[in-house]
Amino acid sequence: MSSGIRFDSVTVSYGGNVVLDSLDLTVGPGEVMALLGPSGSGKTTALRAVAGFVTPAAGRVFIGDRDVTGLPPHRRGIGMVVQQYALFPHLRVDENVAFGLRAQKAPKPEIPARVADALEMVGMAGYAKRYPRELSGGQQQRVAIARALAIRPGVLLLDEPLSALDAQLRSGMLAELARLHRELPDVSILYVTHDQVEALTLADRIAVMDRARLRDVGTPQELYRRPRTEFTASFVGNANLLPVSVGEGQVSLGAAEVKVATDGVAAGVTATLCVRPHLMGLGPGPNALTGSVTEVQWRGATHRLYVDVGGHAVKADVRELREPPALGAEVTLHFAPEDAVLLSAGVNGDG
Ligand SMILES: Nc1ncnc2c1ncn2[C@@H]1O[C@H](COP(=O)(O)OP(=O)(O)OP(=O)(O)O)[C@@H](O)[C@H]1O
Ligand SMILES: [Mg+2]
C-alpha cells in the first residue's frame, strides 16, 4: 500500500495555547521524513495529528488522497511506535503483535501467519511466547516495531523509537530500520528524533521544527551543506557561526577580509558566516584566521581546537594531528571559500 502523508495548514492547540502552528508538509509515498527539533517544538503533536490521537483546531490531514482528519485512529491504516511503554505488559509477544490486527478486525484465521511474518521481519520469531518483562529493551522495541508492521501500514510513525536504548544498541537498530525500509519501500515513514545522526542516516528529507513551527525542510545534504538559517545550521550538525559585515564585493570578519560567495546577501548588512568545524584547516591557507588556542579536546579520530579569533570562539576539528598546539599558542586556521555559507540575518526564521 503506497500512500504518503500531507499536512495542510494543521494547527493544534491545548487550552488556547498553539503548539503546532499551520504546519504544511508533504511526505511522499515511500519517503522517510525525519522531524528534528528541540524539546517541546511540536514533533510528537504532529505525529499524533496523523495518528488521530489529537484533533487539529484547523487544517486537514491526508493519507494518500484520503482526508483522514475526522477518522478514528484504527481506521487510518497507520503503524505507530513510541519511545516507551510500547508493549502491553500482561500480553505475550505474539498477543501484543496481534493486537492491532484484532482492533482492525483482520480475518481471524490470517492472524497467526501475519504475526509470525512481522516477528520474523524484526528477527524476533523465537520470542513469541515471552512476556515483555522477559525481553531486553532492544528486543521490546523490535516487538513494538513488529506490532506496528503487522497491520501492513501505508504509513509508519516512529516517535524517538531508539531513545531508550544505549548507544551501541541504537546504532544496530538504526541499521535494522534502514534494512526494514528497503524491504518495505512503499511505506512512508515519519520519524521523530532529537538525534542528528539518526536523522542524517535514515531520512530522505529532514523537517526542522522550532517552537510549534516548521523552520526548514530539505535533504540531509542540503541542510548540512547549504543551511538557510542559523537555527538549521546549528541544529543539523555542528557549526561555527561568526558575525561578519558585508560590503560591496567584500566580507569582513573583524579586521580580516574573507572570501565567500555573497549570493542573495545584500551589501551593508551584518550577516553570519557558517563554517563546519571539520572544514577548518590548521595552518596558513585561504581565508586565514589567527588567534590563540583556548582549549584542546582529544576526540579519538580528531582533535577539537577552540581558538579565540578577535573575541569569537572558533571550533576546528582537525584530523591526524600528532602534536596538538599548547594552550595559549597562536595558530592560524583557514577554510576554502566554497566550504562557507553566508546567512543573512533576515532569514533567521525568528519571525
Ligand atoms: N496533552 C497536552 N496538554 C497540554 N499541552 C500539551 C499536551 N501535549 C503536549 N503539550 C504541549 O505541547 C508542546 C509540544 O509538545 P510535543 O510533545 O509535541 O513536543 P516534542 O517536540 O515532541 O518534544 P519532545 O522532544 O520533548 O518529545 C509542549 O509545550 C507541550 O507541553
Ligand atoms: Mg516528543
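Q: Which classes of residue make up the lining of the largest cavity?
A: In this predicted model, that lining has ten nonpolar residues, one polar and no charged ones.

Q: OK, and which residues are those?
A: The ones lining the largest cavity are Val32, Leu156, Leu158, Leu177, Leu180, His181, Leu184, Val187, Ile189, Tyr191 and Leu202.

Q: Which elements give two or more residues to that lining?
A: Three elements do that: β7 (155–159), α5 (167–183) and β8 (188–193).

Q: And which of them gives the most?
A: That's α5, which puts three residues into the lining of the largest cavity.

Q: How much space lies in there?
A: About 80 Å³.

Q: Back up a bit, how do people look for empty space like this in general?
A: You roll a probe the size of a water molecule over the atoms, and that shows where empty space is left.

Q: Got it. So how many cavities of 30 Å³ or more turn up in the whole structure?
A: The search finds two of them. The second largest has a volume of about 30 Å³.

Q: What lines the second largest cavity?
A: Val122, Arg142, Ile145, Met173, Glu176, Leu177 and Leu180. You've met Leu177 and Leu180 already, since they're among the residues lining the largest cavity.

Q: How does the second lining divide by class?
A: Five residues are nonpolar, none are polar and two are charged.

Q: Which elements supply at least two residues there?
A: Both α4 (137–150) and α5 do. Helix α5 gives the most, with four residues.

Q: Switching to helix packing. What numbers describe two packed helices?
A: The angle between their axes, plus the distance between the axes.

Q: So what are those for α3 and α4?
A: Helix α3 (residues 111–121) packs against α4 at an angle of about 135°, and their axes are 8 Å apart.

Q: Why does α3 count as oblique to α4?
A: Because of that angle of about 135°. Roughly antiparallel would need an angle over 145 degrees, and roughly perpendicular covers 65 to 115, so this pair falls under oblique.

Q: Is the crossing left-handed or right-handed?
A: The crossing of α3 and α4 is right-handed.

Q: Which residues make the contact?
A: On the α3 side you have Arg114, Ala118, Leu119 and Met121. From α4 come Ala146, Leu149 and Ala150.

Q: And what classes are they?
A: The contact of α3 with α4 has six nonpolar residues, no polar ones and one charged.

Technical notes: Residues are numbered from 1 along each chain as its sequence is written. Chains are lettered from A and ligands numbered from 1 in the order in which they are written. This is a predicted model: local features need pLDDT of at least 70, side-chain atom pairs count only at pLDDT 80 or more; totals for chains, interfaces and linings use all residues. Side-chain values use heavy atoms; hydrogens and water are left out. On a 1 Å grid over the protein atoms alone, a cavity is a set of points where a 1.4 Å probe fits but cannot get out, and a pocket is an open set with protein on both sides within 12 Å along at least five of seven lines; lining residues have an atom within 4 Å of a point. Grid points are joined across faces, edges and corners, and a volume is the space filled by probe spheres set on the points. Ala, Val, Leu, Ile, Met, Phe, Trp, Tyr, Cys and Pro count as nonpolar, Asp, Glu, Lys and Arg as charged, and the others, Gly among them, as polar. Axes are lines fitted to C-alpha atoms, for helices over the stretch in contact, and angles run from 0 to 180 degrees between N-to-C directions. Angles under 35 degrees count as roughly parallel, over 145 as roughly antiparallel, 65 to 115 as roughly perpendicular and the rest as oblique. A crossing is left-handed if the near helix is turned anticlockwise from the far one by less than a right angle, and right-handed if clockwise. Contact means heavy atoms within 4.5 Å.
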